[in-house]
Amino acid sequence: MRPFFLLLIYLSLTGVCSGQSDRQILRRITKHADSSSQVMTTVRYLSDVYGPRMLGTPKYYESAQWAKKQLEQWGVKEVKLESFDKNYLGWATEGFSFNMVAPNYASLRAYPLAFSRSSQGLQVGSPVLINAFDEVYQLSGKLQGKIIFLRGYYRPVRSVERKMSSRLEENALLRAAANPDPNDVIVGYHSRRSTVDVFGRRARIKRERSKFFEFCAEQGAIAIVEPSDFPYGILHADGNRAIPSLHEAGDVRPLPSFVLSNEHFGRIVRLMDLGISPKIELNLKSVFYEDPKYNVNLIAEMPGTDPILREEVIIIGAHLDSWHAGTGAVDNAANCAVLMEAMRLLQQTGLRPKRTIRLILWGGEEQVFAGSRGYVNKYVGDFAEGIPKGENDKISAYLNLDNGAGMIRGVYLSGNTEVAPYFAEYLGPFPKSQTLTIQNANQTDHELFDYFNVPAFQFIQDPLDYMTAIHHTDMDTYEYVPEADQQHNAKVMAYLAYKIAEADRLLPRKSFNSPIASRKGNTRFKLPGYLDAEKVSLVADFNNWNMFGTPLYRTEEGWECRLDLPPGRYLYKFIVDGYWTADPTTPTEHLLKDGKGHGGLTAKLVE
């Protein structure tokens, strides 16, 4: 028998040939998922063996190498580690202690904060409380041998009366689906913000804090302590609060810095309020890594089979790095494991879509999107100029998973109403995962793709105890990763990626969403004045109230942009440096409401 006919028989028996029904495809995915799931084993390796996975450390690099090897063993042949930046530091602790030795002894619950330097042995000192950073400069000459407690960040916790862990109830999902404004937060944690402003804000905070850290060191202070804002002794140990993550070469290396449990911080405050000055004994041995080879993204591909469409790509992504107090099991080993499992399922079922499916595990999401920022800037769009690059128009979708280890309940459409029918169809086989909300979601890697108008989405997930106990804390461990949820999520991601890769066309993009202000079109929008403003955007019904997606350019008289709008009546206002602003040329008595929560609007008629 000829080899060609043998191939046809093989394809028909395995179900790989075209013409399979959606039910057959899902059945094949489910069979392999249920009989040979590797998702929890992957979580164990990434968390228990290689966690924590701080960017720039040997453990992070080893985790990426292990993931690469595992994917290759599953048959994914095109896997590589790609360097994205040589400027990021790694940091780890090799030992520490933090105790009160007077007025009596107590082992205090504390954890070092990343990128702080060693204490040079055991140190003993007395606390000094400050309510604001600027107060420290009034203590010149009085900080020798002192431990600075940032009292201004202290809010006493009380018995927690809310649920520590929960699933999304049906009424919350229904309200999210009915939400008319993407800027409203109905489910999840974060709504819209300006992506590029995040970079500038973090740089500004680092500059301000660096002056503070340098002064404290010059004055002979021993250490700096911030309070945890979680209950039950949980330690919130990240670099996004009082003491920022100074993670780049050339940054100031702060004095030994710790987060102290809310309860123990409160005890120190109460003792000092009574006029008693405690003695604190502490030690920290930390190590910095400056090897650029540790700063990598993992990129794995399943090439498309269509000679033309294979150049188009569906990217599924999650960040591989973690913070350091836990093992990074929930944030974000669980979701990395889900996406690796999705690739395994597609590989082992023999499903070969027309377009390429690309898995990317990002480095440095916790360091202001270090890995995804490097990738996007290289392939998708130039952040400095706001100009798209070659890969931009070839990406059908970027699907991001980074909201804890709960079950996928649906998709944040981020104002892209045109994609709703596609997700409604593709999520049809998953009744528990069908909620579609126009709501935005951010503070994770997909927002960088969205900035350049790539269809980029985050998933609604059951909150469980993610924000109440786990997120960036020492409780981020394997115990809080529910197996059934991960198995379900892997099936959803495998099926969804395959269906998008097989679609007749690329997913539609948002209208009027661009980093650069449009200067061409049949309709002009003009905001006079506000010459001292840094950024102005147009927000309107025709761009689904996208707060930062339709920028204006500066003129001698103010700001303006031009857009191509079809005939109709439109309602709009402006966003000036983050503030909603009515068109000042419209008399107050003529400002309108749209009945969906938006007021102070001006109507524009396009003939």
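Select K499 and D22 to begin: the two form a salt bridge whose closest N and O atoms are 2.7 Å apart. A salt bridge here is a side-chain nitrogen of Lys or Arg within 4 Å of a carboxyl oxygen of Asp or Glu. K499 belongs to helix α13 (residues 483-502) and D22 to helix α2 (residues 22-36), so this contact ties together parts that are 477 residues apart in sequence. Helices (H or I, at least four residues) and strands (E, at least two) are DSSP runs, numbered from the N terminus. K499 counts as buried, at 12% relative accessibility, whereas D22 counts as partly exposed, at 33%. Buried means under 20% relative accessible area, exposed over 50%, and partly exposed in between (1.4 Å probe, protein chains only).

The model is predicted: local features need pLDDT of at least 70, side-chain atom pairs count only at pLDDT 80 or more, and totals for chains, interfaces and linings use all residues. Residues are numbered from 1 along each chain as its sequence is written, and side-chain values use heavy atoms, with hydrogens and water left out.

**Further salt bridges**

The structure holds 24 salt bridges. Next, select K206 together with E248 and D251. The side chains of E248 and K206 meet in a salt bridge at 2.8 Å, N to O. This pair links distant parts of the chain, 42 residues apart: E248 is in the loop between β7 (223-227) and β8 (257-260), and K206 is in helix α6 (residues 195-218). E248 is partly exposed, with a relative accessible area of 22%, while K206 counts as buried at 11%. K206 also forms a salt bridge with D251, the closest N and O atoms being 3.0 Å apart. Because D251 lies in the loop between β7 and β8 and K206 in helix α6, that pair ties together parts that are 45 residues apart in sequence. Then select R167, R409, D462 and D485, which salt bridges with shared partners join into one network.

**Aromatic rings**

Rings of Phe, Tyr and Trp (its six-membered ring) pair if their centres lie within 6.5 Å; planes under 30 degrees apart count as stacked, over 60 as edge-to-face and the rest as tilted. By this rule the count comes to 33 aromatic pairs. Select Y289 and Y294 for an edge-to-face pair, with 6.4 Å centre to centre and 80 degrees between the planes. Y289 counts as partly exposed at 23% relative accessibility, and Y294 counts as buried at 13%.

Move to F525 and F542, whose ring centres are 5.7 Å apart with planes at 45 degrees, so the pair is tilted. F525 lies in strand β19 (residues 523-528) and F542 in the loop between β20 (536-540) and β21 (553-554), so the pair ties together parts that are 17 residues apart in sequence. F525 and F542 are both buried. Extend the selection to F512, Y570, Y572 and F574, which form one aromatic cluster with F525 and F542.

Add K604, which lies over the face of F525 at 5.0 Å from the ring centre. A charge sits over a ring if NZ of Lys or CZ of Arg is within 6 Å of the ring centre and within 35 degrees of the ring normal. Elsewhere, R253 lies over the face of F288, at 4.0 Å from the ring centre.

**Backbone geometry**

Most residues other than glycine have a negative phi, and most peptide bonds are trans. Select A102 and P103: the peptide bond from A102 to P103 is cis, with omega near 10 degrees. P103 is found in the loop between β2 and β3. A cis peptide bond also runs from D331 to N332, with omega near 20 degrees, and N332 lies in helix α8 (residues 329-349).

Now select S414, which has a positive phi of about 55 degrees although it is not a glycine. S414 lies in the loop between β16 (408-412) and α10 (420-426) and is buried, with a relative accessible area of 5%. L464, likewise not a glycine, has a positive phi of about 50 degrees. Its place is in the loop between β18 (456-461) and α12 (466-470), and L464 counts as buried at 14% relative accessibility.

**Cysteines**

Finally, select C336 and C561. C336 counts as buried at 0% relative accessibility, and C561 is buried with a relative accessible area of 0%. A disulfide is a pair of cysteine sulfur atoms within 2.5 Å; by this rule the count comes to zero disulfides.
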